[in-house]
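Student: Got a minute to go through a structure with me? I'd like to take it piece by piece.

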Amino acid sequence: MSNVKIGVIGGSGFYNMEQIEDFREVDLSTPFGAPSAPLVEGSVGGVPVCMVARHGLGHSLLPADVNYRANIWALKERGVTHILAVTACGSLQEEISPGTFVILDNFIDRTQSRKQSFYGGDGLKGVCHIPMEPAFCNRTRSIIHQACKQLGFKVVDGGTVVTIQGPRFSSRAESNMFRGFGAHVINMTTVPEVCLAREAGLSYTSIALATDYDCWKEDNQVDTQSVLKVLAENVDRVKQLIIHVIPQINQEDWSETLLDIKKIAKNSVIGGESISFDS
């Protein structure tokens, strides 16, 4: 068993977890400002957990206005080793029907002007050329995929997400272009979150939940109310999956994996020092 602490980033429709035991709220500031919401710390099955609502409580933040740097920094500062990031997505493939989980393994960035690094400009000294292959932690991905199958949830092992700027949905021409890219799902938040988690030396895994078919299917057009309806119908399954997978992660020995992730982050920085809260 490892000394792990699981960070949970709640996406649209998923702002809290009543299953967190002995919870307390933690207000803190970071060099990049305040996180989207107070962190909620506690435990699940005896495993330390720390959660933040990406869009703020009550979904008050636009995708481009989320303080991704503060969210990831705060989780790192609180000792998180693994991040399970939940994201609502539109499906770009017929076989990924609404309600399907996709355990992402790649991304395409279509955002504009988002802060994607802790370094340079108003950030830390130096430049970080972080490699993004693999973008997501393959060990954690495998555990989550197996957990979905154990629970009887429809799941796709691996998939490319296109992250758009938002908050608007795509045009049909854009949606078909992204399908032409070979992407599987589309969302508004994976970038820069995954990039910052890599810089911070954290195991980051994204649990994507398909809520719609975007707008490429003529008989299934995305709109806010239909997305919210699917989210409401599936949020309990999301929580069930997370509760199921946390003890499984804790049963593994992560020493070597976490060391390798931190080493990559450290060796990617030129002209500065990598992020560390080690005593």
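Tutor: Sure. Keep in mind that this is a predicted model. Let's start with Val40, which lies in strand S3.

Student: What does Val40 touch, leaving out residues up to four places away in sequence?

Tutor: Val40 touches Ile20, Phe23, Arg24 and Glu25. Val49, Cys50 and Met51 complete that set of contacts.

Student: And how far is Val40 from Gly7 in space?

Tutor: The C-alpha atoms of Val40 and Gly7 are 9.8 Å apart. In sequence, 33 residues separate Val40 and Gly7.

Student: Next, Ser36. Where is Ser36 found?

Tutor: Ser36 sits in the loop that runs between strand S2 (21–26) and S3.

Student: Is Ser36 buried or exposed?

Tutor: Buried, because its relative accessibility is 16% and the cut-off for buried is under 20%.

Student: What does the side chain of Ser36 reach?

Tutor: The backbone oxygen of Arg54, at 2.7 Å. Beyond four places in sequence, Ser36 also touches Ala53, Gly56, Leu61, Val66, Asn67 and Asn71.

Student: Switching to helix H1. How many of the residues of H1 are buried?

Tutor: Nine of the ten residues in H1 (residues 68–77) are buried, so the helix is largely enclosed by the rest of the structure. Among the buried ones are Arg69, Asn71, Trp73 and Lys76.

Student: Which elements do the buried residues of H1 pack against?

Tutor: Four strands' worth of names first: S1 (6–10), S3 (39–44), S4 (47–53) and S5. Helices H4 (190–199) and H6 (255–267) are also packed against by those buried residues.

Student: What happens just after H1?

Tutor: Gly79 takes a positive phi there, about 90°.

Student: Any holes? How many cavities of 30 Å³ or more does a search of the whole structure find?

Tutor: One. The volume of the largest cavity is about 70 Å³.

Student: Which elements each supply at least two residues of its lining?

Tutor: Strand S5 (82–91) and helix H5 (224–250). H5 gives the largest share, four residues. The lining includes Val86, Thr87 and Ala88, along with Leu231, Asn234, Val235 and Val238. Gly11, Ser12, Gly13 and Phe14 line the cavity too.

Student: What is the lining like by class?

Tutor: Seven nonpolar residues, five polar and no charged ones.

Student: You named Val238. How far is Val238 from Phe153 in space?

Tutor: Their C-alpha atoms are 10 Å apart, with the two positions 85 residues apart in sequence. Phe153 is in the loop between helix H2 (138–151) and strand S9 (155–157). Phe153 has a relative accessible area of 11%, so it is buried.

Student: Which residues is Phe153 in contact with, leaving aside neighbours within four places?

Tutor: Phe101, Cys148, Arg237, Gln240 and Leu241.

Student: Last topic: how many disulfides does a search of the whole structure find?

Tutor: Zero. Take Cys195, which is in no disulfide: the nearest cysteine sulfur belongs to Cys128 and is 10 Å away. Cys195 is buried, at 6% relative accessibility.

Student: Why is there no bond from Cys215 to Cys89?

Tutor: Because the two sulfurs are 15 Å apart, too far for a bond, and Cys89 holds the closest cysteine sulfur to that of Cys215. The cut-off for a disulfide is sulfur atoms within 2.5 Å. Cys215 also counts as buried, with 7% relative accessibility.

Terms used. Residues numbered from 1 in each chain as written. Predicted model: local features only at pLDDT ≥ 70, side-chain atom pairs only at ≥ 80, totals over all residues. Heavy atoms only, no water. 1 Å grid on protein atoms, 1.4 Å probe; cavity = no way out; pocket = protein on both sides within 12 Å on 5 of 7 lines; lining within 4 Å. Points joined across faces, edges and corners; volume = space filled by probe spheres on them. Nonpolar A, V, L, I, M, F, W, Y, C, P; charged D, E, K, R; others polar. Buried < 20%, exposed > 50% of the residue type's maximum accessible area, 1.4 Å probe, protein only. Contact = heavy atoms within 4.5 Å. Polar contact = N/O pair within 3.5 Å; in protein donor to acceptor, adjacent residues only side chain to side chain.
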